[in-house]
2 protein chains.
Amino acid sequence: MQCLLVYDIPEDKIRSKVADICLDYGLARIQYSAFLGEMNHNRQEEILQKIRRRVGKHAANVQLFPICEKDLGLRKELSVGGYGFSVPSPQP
Amino acid sequence: MQCLLVYDIPEDKIRSKVADICLDYGLARIQYSAFLGEMNHNRQEEILQKIRRRVGKHAANVQLFPICEKDLGLRKELSVGGYGFSVPSPQP
């Protein structure tokens, strides 16, 4: 299932490590703090566990939203000044 | 329908104005750059139009994801150090 992962992490170093984890899990960056990609239930649990370990006791808020294809088709985007990352088409 | 709105806006002043618009539309802040709340199709178009006007030619990327109740029930959150905003229960 496609999942949107968004985070608020104040420390640069930790934030950067979490971004790397997201990319390692094959998620595509759609904004600086938002990633989108296919993850089944196990992968969702696994990435959150991995992020939890990496974050340790540092302040962080991470939210993962599984989004069905139908809803994903309703996504709307406003991009001004060429700002933002390109959103890949969902892979089957 | 519940909608998640996330943004990347580099200029503080513009970002703050867009946050105000989200709050004006009754969305709840769930992270610094993520808001969640009920909006029908018209309201979704309306808020994006309002944000577009406010952003003008300033760099911005705003993405709006309608998410059905079923998917919203699958949301997962990791919060460390009391970091993050409280997520309200969806209103019917």
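## Where the chains join: β5(A) and β4(B)

Strands β5(A) and β4(B) run antiparallel and are joined by five bridges; two strands count as paired if DSSP finds at least two bridges between them. Along this junction, A:Lys76 has B:Leu64 of β4(B) as its bridge partner. As a reminder, strands of a sheet pair through backbone hydrogen bonds, either parallel or antiparallel.

A few notes on reading what follows: this is a predicted model, in which local features need pLDDT of at least 70 and side-chain atom pairs count only at pLDDT 80 or more, while totals for chains, interfaces and linings use all residues. Residues are numbered from 1 along each chain as its sequence is written, chains are lettered from A and ligands numbered from 1 in the order in which they are written, and side-chain values use heavy atoms, with hydrogens and water left out. Helices (H or I, at least four residues) and strands (E, at least two) are DSSP runs, numbered from the N terminus.

## The sheet that ends in β5(A)

The junction belongs to an open sheet of five strands, ordered β5(A)-β4(B)-β1(B)-β3(B)-β2(B), with antiparallel pairing. Its edges are β5 (76-80) of chain A and β2 (28-31) of chain B; each has a single partner strand, so one side of each is left without a neighbour in the sheet. From one strand to the next, the twist averages 20°; axes here are lines fitted to C-alpha atoms, for helices over the stretch in contact, and angles run from 0 to 180 degrees between N-to-C directions.

At the chain B edge, β2(B) pairs with β3 (residues 34-38) of chain B in the antiparallel sense, over three bridges. There, B:Gln31 stands opposite B:Ala34 in β3(B). Helix α2 (residues 41-55) of chain B packs on the sheet and touches β5 of chain A as well as β1 and β4 (60-66) of chain B, with a direction about 5° from that of β5(A); contact means heavy atoms within 4.5 Å. Helix α1 (residues 12-24) of chain B lies across β1 (2-8), β2 and β3 of chain B, at about 175° to β1(B).

## The sheet that ends in β5(B)

Here five strands form an open sheet in the order β2(A)-β3(A)-β1(A)-β4(A)-β5(B), again with antiparallel pairing. Its edge strands, β2 of chain A and β5 (76-80) of chain B, each pair on one side only.

Within chain A, three bridges join β2(A) to β3 (residues 34-38), and the two run antiparallel. A:Arg29 has A:Phe35 in β3(A) as its bridge partner. Helix α1 (residues 12-24) of chain A packs on the sheet against β1, β2 and β3 of chain A, its direction making about 175° with that of β1(A). Helix α2(A) lies across β1 and β4 of chain A together with β5 of chain B, at about 5° to β5(B).

## The interface in numbers

Each side brings its own set to the contact: 43 residues from chain A and 43 residues from chain B. Together the chains bury about 3600 Å², 59% of it on carbon and sulfur atoms; buried area is the accessible area (1.4 Å probe) that two parts lose on being put together, summed over both. A:Gln31, A:Lys76 and A:Leu78 supply 22% of the area that chain A buries against chain B, more than any other three residues.

How many salt bridges (a side-chain nitrogen of Lys or Arg within 4 Å of a carboxyl oxygen of Asp or Glu) cross the interface? The rule finds zero between chain A and chain B.
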